[in-house]
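Got your viewer open and a hand on the mouse? Let's take a walk through this one, stop by stop.

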Amino acid sequence: SSGINAEWPLRPGNKYNISLLLHVHNVKATVWSGRGDHDKAYKLLERAKELHAGFLHSKEPPPKSYDEIFMDEKFSSDERNVMFEKLYTNTLFYLAQVYGVKGDNKQAAAHCHITLQRQLEADDFDPLDWSLNCATLSQYYVTMNNYQSARHTLACASSVMSNVQESAENAIYSDESYDNEKIVKARADVERCWIKFCVNLLKDSVKDLEESDLMEKVSKITEMKNTFEDEEDKEEKEEEKEEEKEEEKIVKAR
């Protein structure tokens, strides 16, 4: 496929196949990542982002789903848009994984955050997996001392987890993937992240208090030192004045 960026208008022949192109780039990226070539996977996923941005820039209506290209399927414009954006969400999810493997935790966390947000907004996610991924993301924020974001992601994870448990109790989920044992384990994992959050918050709070107390002590010592030096200066000046007076007396006596 030819090079495409956000400013480059898509060729007439490509705009109908853009969903297929995006899907192919995602699949190829996962294949190369599985083979250990994460740089090649990264390039494919970045190109997929360019494909998505280029199509949005073209202001074209939602593209055909790749299912429509190979099978006798017909979807509405809204359905096409949902499927197209889901492909892009997958791109961001794969990018988060690749960034994690490459050791770029900041970008991995950023792409993970966007992925979770897009999944929630589209109402297209597995509640247990989503909650665990959200809770796991909070641990990165904890390491960065970003406790506000950590608390937010944990609260979101707990909220979705509570909905899962309530739905399971009401027998809304019949799928065995939501059996009680898995729900209890997932909830325990989320609560474990809460514990880590609280422990680290307390440690950092104590450290801040100690540093604050130390700074206060240093400030008092500095103040005492300055006071002592001022008193020494006064004494020296008084001694100098006394010496001057004695010299004057001696001169007059002569």
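Let's begin with a definition: a disulfide is a pair of cysteine sulfur atoms within 2.5 Å. Keep that cut-off in mind for the first stop, and remember throughout that you are looking at a predicted model.

**Stop 1: the cysteines**

Select Cys134 and show its side chain. Which cysteine sulfur is closest to the sulfur of Cys134? It belongs to Cys156, and the distance is 5.1 Å, so the two are too far apart for a bond. With the 2.5 Å rule, the count of disulfides in the model comes to zero.

While you're here, switch on a surface. Is Cys134 buried or exposed? Cys134 is buried, with a relative accessible area of 3%. Now jump to Cys193, which also counts as buried, at 11% relative accessibility.

**Stop 2: the whole chain**

Zoom out and switch to cartoon view. How many helices and how many strands are there in the chain? You should find eight helices and zero strands. Read along the sequence, that gives the pattern α-α-α-α-α-α-α-α. Of the 254 residues in the chain, 26% are buried.

**Stop 3: a salt bridge between two helices**

Time for some charges. Side chains of opposite charge can pair when their charged atoms come close. Searching the whole structure turns up seven salt bridges, and we'll visit some of them.

Select Asp39 and Lys102. They form a salt bridge, and their closest N and O atoms are 2.7 Å apart. Asp39 sits in helix 2 (residues 38-58) and Lys102 in helix 4 (residues 77-102), so this pair ties together parts that are 63 residues apart in sequence. Neither partner is hidden away: Asp39 is partly exposed at 45% relative accessibility, and Lys102 is partly exposed at 39%.

**Stop 4: salt bridges along helix 8**

Now move to helix 8, which covers residues 180-253. Select Lys185 and Asp189. This pair makes a salt bridge too, with the closest N and O atoms 3.4 Å apart. Lys185 and Asp189 are four residues apart in helix 8, about one turn of the helix. Lys185 counts as exposed, with 55% relative accessibility.

Next, pick Arg187 and Glu191. Their side chains meet in a salt bridge as well, at 3.2 Å from N to O. How many residues apart are Arg187 and Glu191 in helix 8? They are four residues apart, so about one helical turn separates them. Arg187 is partly exposed at 38%, and Glu191 is partly exposed at 40%. Then add Arg192 to your view: salt bridges that share partners join Lys185, Asp189 and Arg192 into one network.

**Stop 5: two surface patches**

Keep following helix 8 until you reach Glu243, which lies in this helix. Color the surface by charge. Glu243 is one of the residues that gather in a patch of negative charge on the surface, and others in it include Glu236, Glu240 and Glu248.

For another kind of patch, select Ile69, Phe70 and Met71. These residues make a nonpolar surface patch of about 310 Å². Phe70 lies in helix 3 (residues 66-70). Is Phe70 buried or exposed? Phe70 is exposed, with a relative accessible area of 59%.

**Stop 6: two loop residues with positive phi**

Most residues other than glycine have a negative phi. With that in mind, select Asp123. Asp123 is not a glycine, yet its phi is positive, about 55 degrees. You'll find Asp123 in the loop between helix 5 (105-122) and helix 6 (127-143). Asp123 counts as exposed, at 63% relative accessibility.

Where is Asn145 placed? Asn145 is in the loop between helix 6 and helix 7 (147-169). Asn145 also has a positive phi without being a glycine, and the value is near 60 degrees.

**Last stop: Gly100**

Finish in helix 4, where Gly100 is placed. Gly100 is partly exposed, with 37% relative accessibility. Now use your distance tool from the C-alpha of Gly100 to the C-alpha of Cys112. It should read 9.9 Å, for two residues that are 12 apart in sequence.

How values were computed
Residues numbered from 1 in each chain as written. Predicted model: local features only at pLDDT ≥ 70, side-chain atom pairs only at ≥ 80, totals over all residues. Heavy atoms only, no water. Patch = residues over 30% accessible without salt bridge, like charges linked within 9 Å, V, L, I, M, F, W, Y side chains within 5 Å. Areas by Shrake-Rupley, 256 points an atom, 1.4 Å probe, with all protein chains shown as cover. Salt bridge = Lys/Arg side-chain N within 4 Å of Asp/Glu carboxyl O. Lys, Arg positive; Asp, Glu negative; His and termini not counted. Charge placed at Lys NZ, Arg CZ, Asp CG, Glu CD. Buried < 20%, exposed > 50% of the residue type's maximum accessible area, 1.4 Å probe, protein only.
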